Amino acid sequence: MKINRTLKLGIILACFTITGLAQAQTVLWSENFDDGNGDNRWYADAGVWQTGSPTIGPETNSIGYRTHSGADCATTGLTANYPVGANSRLIRIQSFTIPAAAEFPRLRFWQWYDFHQPSGPDYGVVEVQGTNGIWQAVSPHYTGSGGDWTYASIDLSDYADQTVQVAFHLVWVSNNPTAPGWYIDDIALEAGVPA
């Protein structure tokens, strides 16, 4: 009888432990741009990206802003479409070390995008730059229109244990007029088994 109770208790504890591990996620850093100091943590090469409260782009959220949450986000279309010839990165100033691959490192963020043509050549892509100084794509090319705000998750395990910077890169490659572009909000570097 005592062995049976001990066995049951062990099974119950094992279930709680496995459940706890499956939900063990850690946010190593995050950014929502709502404190008004995003320009102290991010910069735009070629000057296209801005942080603030957009007046064009996505439909307004439940609190009246064109962001995923809060009042501010990063965007290529704060008050107007991105310019013809745009080729600009929004770069996180501070570099960071990617956790070990066994920790499932990933970059998660909310995005809304509208490039000029439905499947046209203009695009946005997430990139990382390691100590070699070369920007490398870590996401698919986002093209056309994404519709509503969508939640993206980028696997960074190929860069485990490396110190990198991250960037959101908008590239104009068409000869057509432009559109609002790319809107980024609620970014986080996460580790741990995804829930």
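Visitor: How much area does the chain expose, and what share of it do carbon and sulfur atoms supply?
Guide: About 10,100 Å² is exposed, with carbon and sulfur atoms supplying 54% of that. Keep in mind that this is a predicted model.

Visitor: OK, and what's the chain built from?
Guide: One helix and twelve strands. Starting at the N terminus, the order is α-β-β-β-β-β-β-β-β-β-β-β-β.

Visitor: What percentage of the residues are buried?
Guide: The chain has 195 residues, and 44% of them count as buried.

Visitor: What about contacts, how many come from residues 24 or more positions apart?
Guide: Among contacts with a separation of 6 or more, 80% are between residues at least 24 positions apart.

Visitor: Let's pick a strand. Why is β12 described as largely enclosed?
Guide: Strand β12 covers residues 181–191, and eleven of its eleven residues are buried, so the rest of the structure largely encloses it.

Visitor: Which way does β1 pair with β12, parallel or antiparallel?
Guide: Antiparallel, over five bridges, with β1 spanning residues 26–31. One bridge there puts Val 27 opposite Glu 190 of β12.

Visitor: How many bridges join β7 to β12?
Guide: Eight, again with the strands running antiparallel; β7 is residues 106–114. If you want a spot to look at, Tyr 113 has Trp 182 in β12 as its bridge partner. Strand β4, residues 73–75, also pairs with β12 in the antiparallel sense, over two bridges. In that pairing Ala 74 is matched with Ile 184 of β12.

Visitor: Where do side chains point in a regular strand, generally?
Guide: They alternate between the two faces of the sheet.

Visitor: Switching to charges. How many salt bridges are there?
Guide: The count comes to six.

Visitor: Which residue does Glu 127 form a salt bridge with?
Guide: Arg 89, with the closest N and O atoms 2.6 Å apart. The pair links distant parts of the chain: Glu 127 sits in strand β8 (residues 123–129) and Arg 89 in strand β5, 38 residues apart. Their C-alpha atoms are separated by 9.0 Å.

Visitor: Are those two buried or exposed?
Guide: Both Glu 127 and Arg 89 are buried. For Arg 89 the relative accessibility is 16%, and buried means under 20%, so Arg 89 makes the cut.

Visitor: What else is Arg 89 in contact with, apart from its sequence neighbours?
Guide: Leaving out anything within four places in sequence, the contacts include Tyr 43, Trp 49, Trp 135, Phe 168 and His 169. Asp 45 and Glu 127 are also among them. Arg 89 itself lies in β5, which is residues 87–92.

Visitor: And which residue does Arg 108 meet in a salt bridge?
Guide: Glu 190, at 3.7 Å from N to O. Arg 108 is in strand β7 and Glu 190 in strand β12, so this pair ties together parts 82 residues apart in sequence. Arg 108 counts as buried at 19% relative accessibility, and Glu 190 is buried too, at 9%. You've met Glu 190 already, as the bridge partner of Val 27.

Visitor: Which residues do shared salt-bridge partners join into one network?
Guide: Glu 31, Asp 35 and Arg 41. Within that group, the side chains of Arg 41 and Asp 35 meet at 2.9 Å, N to O. Arg 41 is partly exposed with a relative accessible area of 30%, and Asp 35 is partly exposed as well, at 45%.

Visitor: Last topic, backbone angles. What's the phi of Phe 33?
Guide: Positive, at about 70°, although Phe 33 is not a glycine. Phe 33 lies in the loop between β1 and β2 (42–45).

Visitor: Is Phe 33 buried or exposed?
Guide: Buried, at 2% relative accessibility.

Visitor: And what is phi for Phe 104?
Guide: Near 55°, so a positive value in another residue other than glycine. Phe 104 is in the loop between β6 (96–97) and β7. Phe 104 counts as partly exposed, at 40% relative accessibility.

Conventions
Residues numbered from 1 in each chain as written. Heavy atoms only, no water. Helix = DSSP H or I, 4+ residues; strand = E, 2+ residues; numbered from the N terminus. Buried < 20%, exposed > 50% of the residue type's maximum accessible area, 1.4 Å probe, protein only. Contact = heavy atoms within 4.5 Å. Areas by Shrake-Rupley, 256 points an atom, 1.4 Å probe, with all protein chains shown as cover. Pairing = 2+ DSSP bridges. Salt bridge = Lys/Arg side-chain N within 4 Å of Asp/Glu carboxyl O.
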